[in-house]
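Work through the exercises below with the sequence and the coordinates open side by side. Each task is followed by a solution that goes step by step.

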Amino acid sequence: MERTSVAIVGAGPAGLLLGCILAAEGVDFVLVEHRSREHVLSRIRAGVLEQASVDVLDRYGLGERLHREGLVHGGVYLQAGADRFHVDFEELVGRTVTVYGQQQVVLDLMRHHDELGSAVHYGATDVMPSGVDGDDPHLRFTADGEEHDVAADVIVGADGYHGVCRTLIPDEVLAPAERGYDAAWLGILADVAPSTDELIYALHPDGFAMHSMRSPSVSRLYLQVDPTEDIADWSDERIWEGLQERLATPGWTLTPGPITEKSITPMRSSVAATLAYGRLFLAGDAGHIVPPTGAKGLNAAIADVALLGAALAEHARGSDGPLGAYSERALARQWKVQSFSQFMTDLLHTPGSAVPADERAFRYFSRVGQLRYVQGSRYAQQFIAEQYTGLAIA
Ligand code: RFL
Ligand code: PHB
C-alpha cells in the first residue's frame with residue numbers, strides 16, 4: 001500500500017494544475033488518469049483564458065510559453081445580422097483575455113510535472129476511489145500492469161462531468177441544478193489564417209456562428225446546429241457556406257481553408273449542490289459545466305483549483321477553515337459564471353425547431369434588439385466586459 005496526502009482523479013486542466021499547485025506548496029499527491037497522455041493532449045477544447053486564469057498560471061511559474069505564444073485580445077466583436085460592433089474590454093474595464101488553446105495549457109502542465117518527476121499515471125484502468133465518507137479514503141487503480149492501492153488523506157475528483165467521483169456522492173446530496181439547450185455547436189479547426197483580429201460572436205436568422213483562432217495560422221470556428229445533427233451530413237463546403245452566410249458583413253470576407261478537425265458538441269448547464277462530500281472534493285467539470293458561449297469552462301476549472309490548492313495547503317499545515325469553506329466559495333463564484341454563460345448563450349442563439357414559427361421570430365428579434373441595446377450602451381458593454389474577462393477568484 002502507498003500513502004499520499006491528496007489523490008487526484010483526472011489529468012485534465014483541473015487535475016494537472018492542482019498537482020502543480022500542491023507541488024509548489026510542498027503537499028504530496030498522486031494523479032491518476034484513465035486515458036493515455038496522447039489522448040488527453042489531442043482533445044481540442046477551450047481557447048480563451050481570462051486574465052485571472054493567466055495570473056494563476058503566472059503565480060506558479062506556468063505562464064512562460066503562454067506569454068510568448070498566446071494572443072492577447074483587448075475585446076471581442078458582437079454581431080446581429082450583418083451589423084458588427086466591437087466591445088473594447090481594455091477601454092471598458094482595463095482588462096484583456098489571452099487566446100491560448102486548452103491543449104497548450106495541458107501540455108505546459110504536463111511538461112512541468114515531467115520536470116518535477118511527479119507521480120502522474122496515464123492510461124490507468126480500474127480506477128476506484130472509495131471510503132470518502134469515512135476517515136480512510138483509498139484510490140485503487142492499475143497502471144503499467146501494476147495494481148496500486150493508495151491511502152489518501154483527501155481525494156479530489158477532477159475527472160469531468162462523466163467521471164467516477166461524482167458517482168460516490170449520493171444523488172440527493174449531489175442534486176445538480178441543470179438545464180439543457182435546443183442547440184449544439186459544430187466546431188472546426190482549419191489551417192488558415194484567421195479572417196479577424198479578435199473573436200466574432202454572431203447572431204443570424206439561421207443560427208449562431210463564431211470565429212475564434214488558435215494561432216496566426218490556425219482558425220477555430222463554430223456554427224449552431226440542431227443537437228440531432230450528424231457530423232457526417234456536414235461536408236467542408238456546407239460548413240464554410242454556413243459560416244460565410246452567418247458571419248457576413250459588408251466589406252469583410254471570410255477566408256476558408258483546409259478543415260483538420262470537425263465535431264458536434266451538445267450544450268448543457270449543470271451545477272452540483274455541493275463540491276464537498278466527506279473527504280472528497282470536486283473541481284472543474286466534475287462539479288459544474290456551462291455552455292461554451294461565455295468561454296468559461298476551462299477558466300472555472302482553474303478558479304476552482306486555485307481555491308482548492310490553497311485550501312489543501314492550509315489543511316496540510318493544520319488549518320481546516322479554508323477547506324471547509326471551499327465548496328461554498330467555489331459555488332458562489334460558479335453561479336455568477338453560470339448566469340453569464342446562460343446570458344451569452346440565450347442572447348446569441350436562435351430558438352430550436354420545436355419552438356412555433358411566430359414565437360421563434362419574436363425571440364429572434366428580441367435578441368437582435370438586445371444586441372442593438374448592448375451596441376449603444378456603455379453600461380451593457382461593461383457588464384459583458386467585466387464578466388468575459390473574468391471575475392476575481394476569491
Ligand atoms: P476535463 O478536461 O474533462 O478533464 C477530466 C479528466 O478526467 C479524466 N477521467 C478519468 N480519469 C481517471 N478515472 C476516471 N474514471 C476518469 N473519468 C474521466 C478524463 O479523461 C479527463 O482527462 O475536465 P477539467 O479538468 O475539469 O477541465 C474542464 C475543461 O476541459 C472544460 O470546462 C472546457 O474545455 C470547456 N470549454 C471551454 N472552456 C473555456 O473556458 N473556454 C472555452 O472557450 C471553451 N470552449 C469547451 C469549449 C469545451 C468544449 N467541449 C468539447 C466540451 C469548447 C468545446 C468544443
Ligand atoms: C474557442 O476558441 O474554442 C472558443 C472561444 C470562445 C468561446 C468558445 C470557444 O466562447
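**Exercise 1: the surroundings of ligand 2**

A polar side-chain atom of Tyr 201 lies 2.7 Å from an oxygen atom of ligand 2, which falls under the heading of a polar contact (a pair of N or O atoms within 3.5 Å; within protein, one must be able to donate a hydrogen and the other to accept it, and residues adjacent in sequence count only if both atoms are side-chain atoms). The model is predicted, and local features need pLDDT of at least 70, side-chain atom pairs count only at pLDDT 80 or more, while totals for chains, interfaces and linings use all residues. Residues are numbered from 1 along each chain as its sequence is written, chains are lettered from A and ligands numbered from 1 in the order in which they are written, and side-chain values use heavy atoms, with hydrogens and water left out.

Task: describe which elements and domains supply the shell around ligand 2.

Solution. Step one is to add the other polar contacts: a polar side-chain atom of Ser 212 lies 2.6 Å from an oxygen atom of ligand 2, and a backbone N or O atom of Ala 295 lies 3.4 Å from an oxygen atom of this ligand. Taken alone, ligand 2 exposes 280 Å², of which the protein buries 96% (accessible areas come from the Shrake-Rupley method with a 1.4 Å probe; for residues, only the protein chains shown count as cover).

Step two turns to the elements (DSSP runs numbered from the N terminus, with helices being H or I of at least four residues and strands E of at least two). Two or more residues of the shell come from each of β14 (209-215) and β15, and β14 gives the largest share, three residues.

Step three concerns the domains, whose bounds come from an automatic or database domain assignment: domain 1 (2-73 + 99-178 + 268-342) and domain 2 (180-267 + 351-388) each provide at least three residues of the shell around ligand 2.

**Exercise 2: the surroundings of ligand 1**

Task: state which residues come nearest to ligand 1 and which element gives the largest share of its shell.

Solution. Begin with the 32 residues around ligand 1, of which Glu 33, Arg 43, Gln 102, Asp 285 and Leu 298 come nearest (a residue is near a molecule or strand if one of its heavy atoms lies within 4 Å of it). Polar side-chain atoms then follow: one of Glu 33 lies 2.6 Å from an oxygen atom of ligand 1, one of Arg 43 also lies 2.6 Å from an oxygen atom of the ligand, and an N or O atom in the side chain of Arg 45 is 3.0 Å from such an oxygen. The protein covers 88% of the 1,000 Å² of accessible area that ligand 1 has on its own.

Finally, α1 (13-24), β15 (218-225) and α9 (297-316) each supply at least two residues of this shell, with α9 contributing the largest share, four residues.

**Exercise 3: Thr 96**

Task: is Thr 96 buried or exposed, and which residues does Thr 96 touch?

Solution. Thr 96 is found in the loop between α5 (89-93) and β7 (97-99). Thr 96 counts as buried because its relative accessibility is 16% (buried means under 20% relative accessible area, exposed over 50%, partly exposed in between, with a 1.4 Å probe and protein chains only). Not counting residues up to four places away in sequence, Thr 96 touches Gln 51, Val 72, His 73, Gly 74, Glu 90 and Thr 389, where contact means heavy atoms within 4.5 Å. The C-alpha atoms of Thr 96 and Gly 74 are separated by 4.8 Å, although the two residues are 22 residues apart along the chain.
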